[in-house]
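User: I am new to this structure and would like to be taken through one part of it, step by step.

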Amino acid sequence: MIGVVRRVLRRGFELIERPFDRLFGPALNPLAQLGALGFFFYWIVAVSGIYLFAFFDTGIERAYESVQSISVAQWYHAGIMRSLHRYASDLMVVTVVVHLLREFAYDHYRGVRWYSWLVGLPIIWLLYASGITGYWLVWDRLAHYVALVTSELLDVLPIFGEPIARNFIATGTLTSRFFTLMVFMHVAIPLLLLAVMWVHILRISRPRVNPPRLLAAMSLLALIGVSLLRPALSQGHVDLARAPVEVGLDWFFLLLYPLRERWGGGGIWAMLGAFSLMIALMPWLPPLRRAKPAAVHLDHCNGCTRCAEDCPYEAIRMVPRTDGAPFPTQAQVTSSLCVSCGICVGSCPSSTPFRRTGELETGIDLPDYPLKLLTERTVACAATLAGPARILVFACDHGGAAGRHDGTVHLPCVAMAPPSLIDFVLSRKLADGVVVAGCAESACFHRLGVAWTEQRIAATRDPYLRARVPRERVATVWASALEIRKAEAMIAAFAAEVAQLPAKPLRSPLPATARAVAPERLEAAATGDGV
Ligand code: HEM
Ligand code: SF4
Ligand code: SF4
């Protein structure tokens, strides 16, 4: 059941995302930048909040007037700040909800990814608590409504000795104390939220916490535009003697408030409890089958740190050498963080099929799918190729070419294939062309696999595809699991181009950015033969 919902949602996301990719380009696609946008909106809320605080009177008697003067008398600076504060908070809610749905749709919440998912749960609670306490501070009719419903909800829980809701039906001393408490909470909770947001990304390597500048500028301009067109305004001074009816609600934060009349406080808490329990249990329902984590083979590790730099999940640490070899460090895998994506295998300089002697072993390998097996499958698959252009496809299990059978070598991530394997296939003339096919650029299942592969082929990242490899015989196909036809069409078009090439591959000059890294102890990519 959960799998069906996930697949339907994923289809929905992919249908929306691909046009976004075409419109904005994969780098600017906002749906691929939701986490970063969440941080960006947080900073807007924080900066505008600090600014507003300078003009806000924290006493219950003067609070409303001070907010009014901000919105009306100082509309051109503090008023805009107030609107930015409100609308950026609303956008944070939207961002978080879509981010949650997207991580679920792309199956980014199970296995070792449970951590970021679970830490997301307190983020939702803290975000809502920040917004609700904020509405309280305006001390207008909406604030009265929020105060009443919130205190009625809190009264259901055994927190306070006596019911607090009645303090908002007639003026009382507790009202004023409560107001001061709300002011304090509206500062403290967002600070706690920031701390939890930081904890949320602790296990992610190179998390994108800043959106691309153009996207940030566009979002800020849009927010300023909305603030000018529809400034955030108060809804009349609070009158505790009169029930707050017909107030305008902010549906982003107060969606559940009208339901209290129908469901009662107990019903709402039950719903929130069920939602939280579901989110908390989801990473283990149904459990993800885990392949064995990557293992380091010290005999082939020179401590170059590339695997640690490339791992998207912070699963590799460089630790002091334990085997007496003349290198200061060695790689160490934290098994509980490894998702067996194989990206480290592709980044290790020892991962080369150009071996004259000995077993094909490398510095870091996947026990369930070692480099030796990958090379054997590549050679076996190439032997089945025929026709005017023999095209070998390295396909990631999550992209548009995942379902291919003929001429395809499957990988958990495209970045598992070391560039020297492409070199090997072409220089040994096992195939006439090689396609590296992965996920859509903006939605790499293993976050960084597409980026690393592109950089390795462009010779801007080690280990790079050597200059001698004719680039006209190498193609990349980035397509989502939905874009099967697109992937096939691109592969067919590439095959047609390769069929037109002269029989002997041309040499291309070494790009200026390329840099040879020679691992001392090892028979590395530099020992390649065949040309
Ligand atoms: C203010 C709210 C939030 C912010 C700012 C935020 C931010 C981020 C960022 C920056 C990343 C790293 C993205 C990347 O570089 O690939 C991330 C990943 C993630 N987030 Fe959030 N997040 C928020 C809320 C949530 C919530 C509510 C959930 C779900 C309950 C969630 C689930 C996840 C998961 C599962 C990942 C890991 C994805 C992966 O391993 O590839 N996040 N988040
Ligand atoms: S297999 Fe993937 S997650 Fe595991 S250590 Fe290697 S790069 Fe990191
Ligand atoms: S990439 Fe290979 S050689 Fe370099 S540190 Fe990792 S395991 Fe060792």
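Analyst: A residue is called buried here if it has under 20% relative accessible area. Please keep in mind that this is a predicted model.

User: Which residues point one way from strand β7, which point the other way, and are they buried or exposed?

Analyst: In a regular strand the side chains alternate between the two faces of the sheet. In β7, which spans residues 433-438, one set consists of G433, V435 and A437, while V434, V436 and G438 point the other way. On both sides the answer for these residues of β7 is the one word buried.

User: Which residue stands opposite V436, and which stands opposite V435?

Analyst: Strand β5 (residues 391-396) runs parallel to β7 and is joined to it by five bridges, and within this pair V436 faces F394. Strand β8 (residues 474-478) also pairs with β7 in the parallel sense, over five bridges. There, the residue opposite V435 is A475.

User: Why do the buried residues of α15 lie on the same side of the helix?

Analyst: Helix α15 (residues 449-457) forms a right-handed β-α-β unit together with β7 and β8. Its buried residues are G449, V450, W452, T453, R456 and I457. They lie on the same side of α15 because the arc they cover around the axis is only 165°.

User: What do the buried residues of α15 pack against?

Analyst: Two of the partners, β7 and β8, belong with α15 to the right-handed unit. Counting the helices as well, the buried residues of α15 pack against α11 (306-310), α12 (343-347), α14 (419-427), β7 and β8.

Methods:
Residues numbered from 1 in each chain as written. Chains lettered and ligands numbered in written order. Predicted model: local features only at pLDDT ≥ 70, side-chain atom pairs only at ≥ 80, totals over all residues. Heavy atoms only, no water. Buried < 20%, exposed > 50% of the residue type's maximum accessible area, 1.4 Å probe, protein only. Helix = DSSP H or I, 4+ residues; strand = E, 2+ residues; numbered from the N terminus. Pairing = 2+ DSSP bridges. Right-handed = clockwise from strand over helix to strand, strands pointing away. Arc of directions from axis to C-beta. Contact = heavy atoms within 4.5 Å.
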